[in-house]
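Trainee: I am new to this structure and would be grateful for a close look at a single part of it. Could the part where the metal is held be described, together with its surroundings?

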Amino acid sequence: VKEEVGGEEYRRLKRKGLQMTHQRKVVLDAVREASGHPDAQEVYRRARAKAPSISLGTVYRTLGVLCDVGLLRERRFEEAQSRYELEREEHFHAICTDCGLIRDVAALGFGDLLAQARVGTGFDLVEQKVEFYGRCPECQSRN
Ligand SMILES: [Zn+2]
Ligand SMILES: [Zn+2]
């Protein structure tokens, strides 16, 4: 079997009959390079540096496609716009109440918590949203 260039990301798209186009790659890289939870505007700013002709509409559509195939994950925090991050293992979030910084928190014991919630409710639970609020180290040091 010939290994494809790009590995898993290409395979995920291919499974849905899609290809890794230049635009998809640019948008995916923009989210990766933002190394956090960028919103579409930030992804757009970063993507434009590599693909000057890309439009905000294309960025939105591409983010949607990349979420559908499981490469990205859309997150809603307490704001109007969605944020995006690479799909990876389940985790929680810590959000700074001063500057809005969002950091990932390892979801230790998540499997047990999920099992308990399923048994307790009988729900077929598919998603969680755990958010911790407080001040980040930088805001703490500013007083
Ligand atoms: Zn902060
Ligand atoms: Zn995250």
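**The metal sites and their setting**

Mentor: Of the 143 residues in the chain, 35% are buried. The model is a predicted one, and its chain has six helices and five strands. Read along the sequence, these elements follow the pattern α-α-α-α-β-β-β-β-α-β-α. The C-alpha trace spans about 45 × 40 × 25 Å along its principal axes. Among the contacts with a separation of 6 or more, 46% are between residues 24 or more positions apart.

With that setting in place, the site of ligand 2 may be taken up. The zinc ion (ligand 2) has as its protein donors His37 (NE2), Glu85 (OE), Glu85 (OE), His91 (NE2), His93 (NE2) and Asp104 (OD). These donors lie 2.1 to 2.7 Å from the zinc ion (ligand 2). In sequence, the donor residues are spaced H-x47-E-x5-H-x1-H-x10-D. One pair of them, His93 in strand β3 and Asp104 in strand β4 (residues 102-106), links distant parts of the chain, the two residues being 11 residues apart.

The geometry of this site deserves attention. As a point of reference, ideal angles at a metal are 90 or 180 degrees for six octahedral donors. The six donor atoms around the zinc ion (ligand 2) subtend angles of 52 to 171°, and the arrangement is therefore irregular. To count as octahedral, six donors would need opposite donors over 155 degrees apart and all other angles between 65 and 115; the angles here reach down to 52°.

The donors of this site can next be considered by their accessibility, for which buried means under 20% relative accessible area. His93 has 3% relative accessibility and therefore counts as buried. His91 has 2% relative accessibility, so this residue also counts as buried. Asp104, at 32% relative accessibility, counts as partly exposed.

His91 offers a useful view of the surroundings. This residue is found in strand β3. Its C-alpha atom is separated by 6.5 Å from that of Asp104, although the two are 13 residues apart along the chain. Leaving aside neighbours within four places in sequence, His91 is in contact with His37, Arg75, Glu85, Asp104, Val105, Ala107 and Gln128. Among these contacts, His37, Glu85 and Asp104 are also donors of the zinc ion (ligand 2).

Val105, one of the contacts of His91, is found in strand β4. At 26% relative accessibility, Val105 counts as partly exposed. Beyond its neighbours within four places in sequence, Val105 is in contact with His91, Phe92, His93, Ala94 and Phe132. By contrast with these contacts, the C-alpha atoms of Val105 and Ala80 are separated by 23 Å, with their positions 25 residues apart along the chain counted as the separation.

Val130 also belongs to these surroundings, through its contacts with Phe92 and His93, neighbours within four places in sequence being left aside. Val130 lies in the loop between α5 (110-121) and β5 (131-134). With a relative accessible area of 27%, Val130 is partly exposed. Val130 and Arg46 are 84 residues apart in sequence, and their C-alpha atoms are 28 Å apart in space.

The site of ligand 1 may be set beside this one. The zinc ion (ligand 1) is coordinated at 2.3 Å by Cys96 (SG), Cys99 (SG), Cys136 (SG) and Cys139 (SG). Its four donor atoms subtend angles of 104 to 115°, which makes the arrangement tetrahedral. For four tetrahedral donors the ideal angle is 109.5 degrees. The donor residues of the zinc ion (ligand 1) are spaced C-x2-C-x36-C-x2-C in sequence. Here too a pair links distant parts of the chain: Cys96 in strand β3 (residues 91-96) and Cys139 in helix α6 (residues 137-141) are 43 residues apart. Both Cys96 and Cys139 are buried. Strand β3 thus holds Cys96, a donor residue of ligand 1, as well as His93, a donor residue of ligand 2.

Lastly, a word on two of the helices. The axes of helix α2 (residues 22-34) and helix α4 (residues 56-68) come within 10 Å and cross at roughly 80°, so that α2 and α4 are roughly perpendicular to each other. The contact involves Gln23, Arg24, Val27, Leu28 and Val31 of α2, and Thr58, Val59, Thr62, Leu63, Val65 and Leu66 of α4. By class, this contact of α2 with α4 comprises seven nonpolar, three polar and one charged residues.

Technical notes
Residues are numbered from 1 along each chain as its sequence is written. Chains are lettered from A and ligands numbered from 1 in the order in which they are written. This is a predicted model: local features need pLDDT of at least 70, side-chain atom pairs count only at pLDDT 80 or more; totals for chains, interfaces and linings use all residues. Side-chain values use heavy atoms; hydrogens and water are left out. Axes are lines fitted to C-alpha atoms, for helices over the stretch in contact, and angles run from 0 to 180 degrees between N-to-C directions. Helices (H or I, at least four residues) and strands (E, at least two) are DSSP runs, numbered from the N terminus. Angles under 35 degrees count as roughly parallel, over 145 as roughly antiparallel, 65 to 115 as roughly perpendicular and the rest as oblique. Contact means heavy atoms within 4.5 Å. Ala, Val, Leu, Ile, Met, Phe, Trp, Tyr, Cys and Pro count as nonpolar, Asp, Glu, Lys and Arg as charged, and the others, Gly among them, as polar. Donors are N, O and S atoms within 2.8 Å of the metal (3.2 Å for Na, K and Ca); water is not among the atoms, so sites may look incomplete. Four donors count as tetrahedral if all angles lie between 85 and 135 degrees; four count as square planar and six as octahedral if opposite donors are over 155 degrees apart and all others between 65 and 115; anything else is irregular. Buried means under 20% relative accessible area, exposed over 50%, partly exposed in between (1.4 Å probe, protein chains only).
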